[in-house]
Amino acid sequence: MSVIEKFNRVTAKKNIPVSIMFELTKKCNLRCIHCYINPVENQSTKVEYKTELSTSEIFNILGQLADSGSLYILFTGGEVFLRGDFFDILNYANKKHFAITIFTNGVFITNEVAKKLSRYNLVNVGISLYSMNQLIHDKITGVSGSWRRTVSAIKSLREQNIPVEIKTPLMKQNFYGYQKIIKFADTVGAKYGFDISLVPCDNGDRTPLKYRIDEKQLRSFFNHQGVFKPLENNNLNCTAGKNVCAINCYGDVYPCLQFLVKFGNLREKLFSEIWRKNFVRKDYLLKLTDLTLCRSCNLINYCGRCPGIALLEDGDIRGPWSRACEIANVSRDFNLAKCSD
């Protein structure tokens, strides 16, 4: 067991909220076809259906998190650079000694912005890039010219020696170009990662699911990438709500941004009170024995089941997540074939 694995196990057992996903806004300048944020909230940067957290509220929350033992902060959206106070937030988080990761589409990252970001010891900047084909990328984002600015952002960040991870959800529209993304990432010295799931919108809208790659494409991806080795003693024990949690732009606290069981709201209660109260909850602190079907499944050591998405997509927090079942089946076949070679 690695040091990081031991750390995660200990902090989960002690319920220390070391890692926080902080959604700063739901506003976005792009209109990505697969986005899980509710479409009605993602269509305009001018409309707010609720009042998002103010700068001072975010500062207060970050202070509470630091006092609670949090170490890692992921700032995400929407698009974080649409907040005019984003660098103020970044400065404050830096003063609180958080290890900071940023998720962005990169469109607002110019050379000057990259230079400003280089002043911080960022763990990583995750940038969504959907294709090396400009037309495909722009069609997915719904905004002409977004590819050019995103690719430019990646290059600018790497020129400043800022760690970058290219994040690519694989879908029917961009599947056959993913190897070119790998080549580009290697060329600029960036990491890369592919999401082969896609999930419903937060409001339950299943539109993004129609873009999922099919079984044939899944098998092709496995054969090329050689990914997803079987897990040893997998207990499907998600640590969301144990040493990880998420805060949305309205102050709602969740186990994670895709596990929408609301713990409480930071405009009403302190983080320490919300976190401590939920130690005893049983509706999300699931063990393998709580999963009636999954606990006896022969695919368990290949499974990456997410309880939050199982609830959102299939309606049962204790049941299977159907997409994880599909991926686990392909993963099992891939690994058995490799063993027989």
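**Exercise 1. Glu23 and its partner**

Task: in this predicted model, decide whether Glu23 is buried or exposed, and find which residue forms a salt bridge with Glu23.

Solution.
1. Glu23 has a relative accessible area of 2%. The cut-off for a buried residue is under 20%, so Glu23 is buried.
2. The partner in the salt bridge is Lys26, with 3.3 Å between the closest N and O atoms. The limit for such a pair is within 4 Å.
3. Lys26 has a relative accessibility of 9% and therefore also counts as buried.

**Exercise 2. Arg83 and Asp85**

Task: state how far apart the closest N and O atoms of Arg83 and Asp85 are, and classify Arg83 and Asp85 as buried or exposed.

Solution.
1. The closest N and O atoms of Arg83 and Asp85 are 2.8 Å apart, and the two residues form a salt bridge.
2. Arg83 has a relative accessible area of 12%, so Arg83 is buried.
3. For Asp85 the relative accessibility is 10%, which means that Asp85 is buried.

**Exercise 3. A salt-bridge network**

Task: find which residue meets Asp333 in a salt bridge, classify Asp333 by accessible area, and name the residues of the network.

Solution.
1. The side chain of Asp333 meets that of Arg332 at an N to O distance of 2.9 Å.
2. Asp333 has a relative accessible area of 27%, so Asp333 is partly exposed.
3. Shared partners link Glu215, Arg219, Arg332 and Asp333 into one network of salt bridges.
4. The structure holds 10 salt bridges in total.

**Exercise 4. Tyr72 and Ile73 in strand 2**

Task: place Tyr72 and Ile73 in the secondary structure, then compare how each is covered, starting from the accessible area of Tyr72 and that of Ile73.

Solution.
1. Tyr72 lies in strand 2, which spans residues 72–76. Ile73 is also placed in strand 2.
2. Tyr72 has a relative accessible area of 39% and is therefore partly exposed, whereas Ile73, at 1%, is buried.
3. Together with Phe7 and Leu71, Tyr72 makes a nonpolar surface patch of about 260 Å².
4. Leaving out residues up to four places away in sequence, Ile73 touches Ile20, Leu62, Leu65, Phe98, Ala99, Ile100 and Thr101.
5. One of these, Ala99, is 26 residues from Ile73 along the chain, yet their C-alpha atoms are separated by 6.2 Å.

**Exercise 5. Strands 5 and 6**

Task: determine how many bridges join strand 5 to strand 6, which residue of strand 6 stands opposite Pro169, and what unit the two strands make with helix 7.

Solution.
1. Strand 5 covers residues 164–169 and strand 6 covers residues 191–195; 5 bridges join them, and they run parallel.
2. Pro169 stands opposite Asp195 in strand 6.
3. Helix 7, residues 178–188, makes a β-α-β unit with strand 5 and strand 6. The unit is right-handed.

**Exercise 6. The whole chain**

Task: describe the protein chain by its helices and strands, its buried fraction, its contacts and its accessible surface.

Solution.
1. The protein chain has 11 helices and 9 strands.
2. Of its 341 residues, 51% are buried.
3. Take the contacts between residues at least 6 apart in sequence: 69% of them join residues at least 24 apart.
4. The accessible surface comes to about 16700 Å², and carbon and sulfur atoms account for 51% of that surface.

Notes: Residues are numbered from 1 along each chain as its sequence is written. This is a predicted model: local features need pLDDT of at least 70, side-chain atom pairs count only at pLDDT 80 or more; totals for chains, interfaces and linings use all residues. Side-chain values use heavy atoms; hydrogens and water are left out. Two strands pair if DSSP finds at least two bridges between them. Helices (H or I, at least four residues) and strands (E, at least two) are DSSP runs, numbered from the N terminus. A crossover is right-handed if, with the strands pointing away from the viewer, the path from the first strand over the helix to the second runs clockwise. Buried means under 20% relative accessible area, exposed over 50%, partly exposed in between (1.4 Å probe, protein chains only). Contact means heavy atoms within 4.5 Å. Accessible areas come from the Shrake-Rupley method with a 1.4 Å probe; for residues, only the protein chains shown count as cover. Patches are made of residues with over 30% relative accessible area and no salt bridge: like charges are joined within 9 Å, nonpolar side chains (Val, Leu, Ile, Met, Phe, Trp, Tyr) within 5 Å.
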